[in-house]
Amino acid sequence: MPLASQGGRIPDDAKVMTTICHLASNHEGLDTRIALKECVSLAAAGYDTHLVITASAADVARASASGFTVHALPEARGRLTRMLGHTWRCYRTALGVNATIYQVHDPELIFCGMWLKLRGRRVIYDVHEDYPRDILDKYWLPKWLRRPVSGAVSTLEYVAARWFFGIVAATPLIAERFRRITPATVNINNYPWPQELVSAETSLSRKPQVCYVGNITRIRGLRAIIDALAYVPEITFVLCGSFSEPGFEAELSARPGWSQVLFLGKVDRARARQVMAESIAGIVTFLPVRSHLDAQPNKLFEYMSAELPVIASDFPLWREIVADTGAGLCIDPESPEAIAGAIRTLLDDPAAARRMGEAGREAVLSTYNWPSEAEKLTRFYQGFA
């Protein structure tokens, strides 16, 4: 089924006003935010939409069925190779599209955006994360280098905001930071499609399992989750995603709780939907590092959209989204005992778990959904046409 058929089309009277080209050097495939949401929605609104990204032939075909064009880049091997040669290939490919508006999705592409602007093109910078703060916790950067790099990225983003045509920010906090620089800033939250991950058999297929779907790193709290499993021996932890830190998979697999882990690796959206439908809770217990406190993880809203109770870190913003809506439980992400206690609560009280899932689903339908964000994105583009 074409992705655009999921719903959330923008008004039918929208015209093809320009050609839009998205550039992403640090992503691959049909990325959830860039391809499955923004490109799908802009194409549905009638724009001639293109995406330059590392992609397979299957990705290219699936995008075409959904109304937009993928220009596939080869896979980049190594961080330095990606940031230099791959970025240059991304720029050269984008030039061939001959678009009027280019939307860049990675800080390393800001320089590409500058070159495109010098060629008379309009450029939008899509800020997925609070990169200056995020860099302060990057494991692959020496600690002495993190603050200078953070400052350099902050300066580069400031210049981009002053020079580019507009800023698309993934969270209210990021939008607030950029609005101090330019009023041409819009907050487009990374909320889910309401129907994509919900299963018709959700209430009938729950198993004694909890799940995590996403990138697997130390600062996302996976070690505490593994250690919590010893307190709930009847639970299986279904782990979906890729390990991005050297040695971390070996570290986790050596812990006693790993015997209760079903590691599936990176899964497609259909498999993710099945995993969520079979679980009693989705876990998103990120550690309290600077870049997490005001983040809005996509997986949090995806769990809610799938009518899945959420076990989340007890950060003030996340408490508003999860606990205050009744969608789940907020706990200390560094405490295996607290994580196990939340799992036990949901396991022992299926009725309460069902109410939490229903509350989360209702919150997505009423507030935290992509169609409402797609309308904002399209209005933002119409202002530039």
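These are my notebook entries on a predicted model.

**Entry 1. His128**

I looked up His128 first and found it in the loop between β5 (122-127) and α5 (131-135). I asked whether His128 is buried or exposed. His128 counts as buried, because its relative accessibility is 15% and the limit for buried is under 20%. I then followed its side chain, which makes a polar contact of 2.9 Å with the side chain of His105. I also listed what His128 touches, leaving out residues up to four places away in sequence: His27, Arg33, Ile34, His105, Ala170 and Ile174. His105 therefore appears in my notes both as a polar partner and in the list of contacts, as expected from the cut-offs of 3.5 Å and 4.5 Å.

**Entry 2. Nonpolar cores**

I next looked up the largest nonpolar core, which has 58 residues. Which residues have the most contacts inside it? I noted Leu222, Phe237, Leu239 and Met304. For Met304 I wrote down the neighbours, again without residues up to four places away in sequence: Val310, Ile321, Ala327, Gly357, Gly360, Arg361, Ala363, Val364 and Tyr368. There is also a second, separate core of 34 residues, and Cys21, Leu109, Val127 and Leu141 are included in it.

**Entry 3. Strand β9 and its neighbours**

I turned to strand β9 (residues 236-240), which is mostly covered, with four of its five residues buried. I checked the pairing with strand β8 (residues 209-213): β8 and β9 run parallel and are joined by five bridges. Phe237 in β9 is the bridge partner of Val210, and I had already recorded Phe237 among the residues with the most contacts inside the largest core. Between these strands I located helix α8 (residues 222-228), which together with β8 and β9 makes a right-handed β-α-β unit.

I then examined β9 against strand β10 (residues 261-265) and found a parallel pairing with four bridges. Val238 stands opposite Leu262 in β10. The chain passes from β9 to β10 by way of helix α9 (residues 248-253), and this β-α-β crossover is right-handed.

**Entry 4. Salt bridges**

How many salt bridges did I find? The count comes to 21. Side chains of opposite charge can pair when their charged atoms come close. I went through several of the pairs.

Asp134 forms a salt bridge with Lys138, and their closest N and O atoms are 3.0 Å apart. Asp134 is buried, because its relative accessible area is 10% and buried means under 20%. Lys138 counts as partly exposed at 25% relative accessibility.

The side chains of Asp137 and Arg290 meet in a salt bridge of 3.4 Å, N to O. I noted that this pair links distant parts of the chain, 153 residues apart: Asp137 is in the loop between α5 and α6 (143-163), and Arg290 is in the loop between β11 (281-284) and α11 (298-305). Asp137 is buried, with a relative accessible area of 18%, whereas Arg290 is partly exposed at 37%.

Arg269 and Glu302 form a salt bridge through their side chains at 2.6 Å, N to O. This pair also links distant parts of the chain, with Arg269 in helix α10 (residues 269-278) and Glu302 in helix α11, 33 residues apart. I found Arg269 buried, and Glu302 as well. I further recorded one network, in which salt bridges that share partners join Asp130, Arg133, Glu157, Arg177 and Asp294.

**Entry 5. Ser335**

I looked up Ser335 in the loop between β13 (328-331) and α13 (336-348). Ser335 counts as buried, because its relative accessibility is 16% and the limit is under 20%. What does the side chain of Ser335 reach? It reaches the backbone nitrogen of Ala338 at 3.0 Å. I also took the separation of the C-alpha atoms of Ser335 and Thr285, which is 9.9 Å, the two residues being 50 residues apart along the chain.

**Entry 6. Helix α4**

Last, I went through helix α4 (residues 110-118) and asked which of its residues are buried. They are Ile110, Cys112, Gly113, Met114 and Leu116. I noted that α4 is followed by Gly120, whose phi is positive, near 90°.

Methods: Residues are numbered from 1 along each chain as its sequence is written. This is a predicted model: local features need pLDDT of at least 70, side-chain atom pairs count only at pLDDT 80 or more; totals for chains, interfaces and linings use all residues. Side-chain values use heavy atoms; hydrogens and water are left out. Helices (H or I, at least four residues) and strands (E, at least two) are DSSP runs, numbered from the N terminus. Buried means under 20% relative accessible area, exposed over 50%, partly exposed in between (1.4 Å probe, protein chains only). A polar contact is a pair of N or O atoms within 3.5 Å; within protein, one must be able to donate a hydrogen and the other to accept it, and residues adjacent in sequence count only if both atoms are side-chain atoms. A nonpolar core is a set of buried Ala, Val, Leu, Ile, Met, Phe, Trp, Tyr and Cys residues joined through side-chain atoms within 4.5 Å. Two strands pair if DSSP finds at least two bridges between them. A crossover is right-handed if, with the strands pointing away from the viewer, the path from the first strand over the helix to the second runs clockwise. A salt bridge is a side-chain nitrogen of Lys or Arg within 4 Å of a carboxyl oxygen of Asp or Glu.
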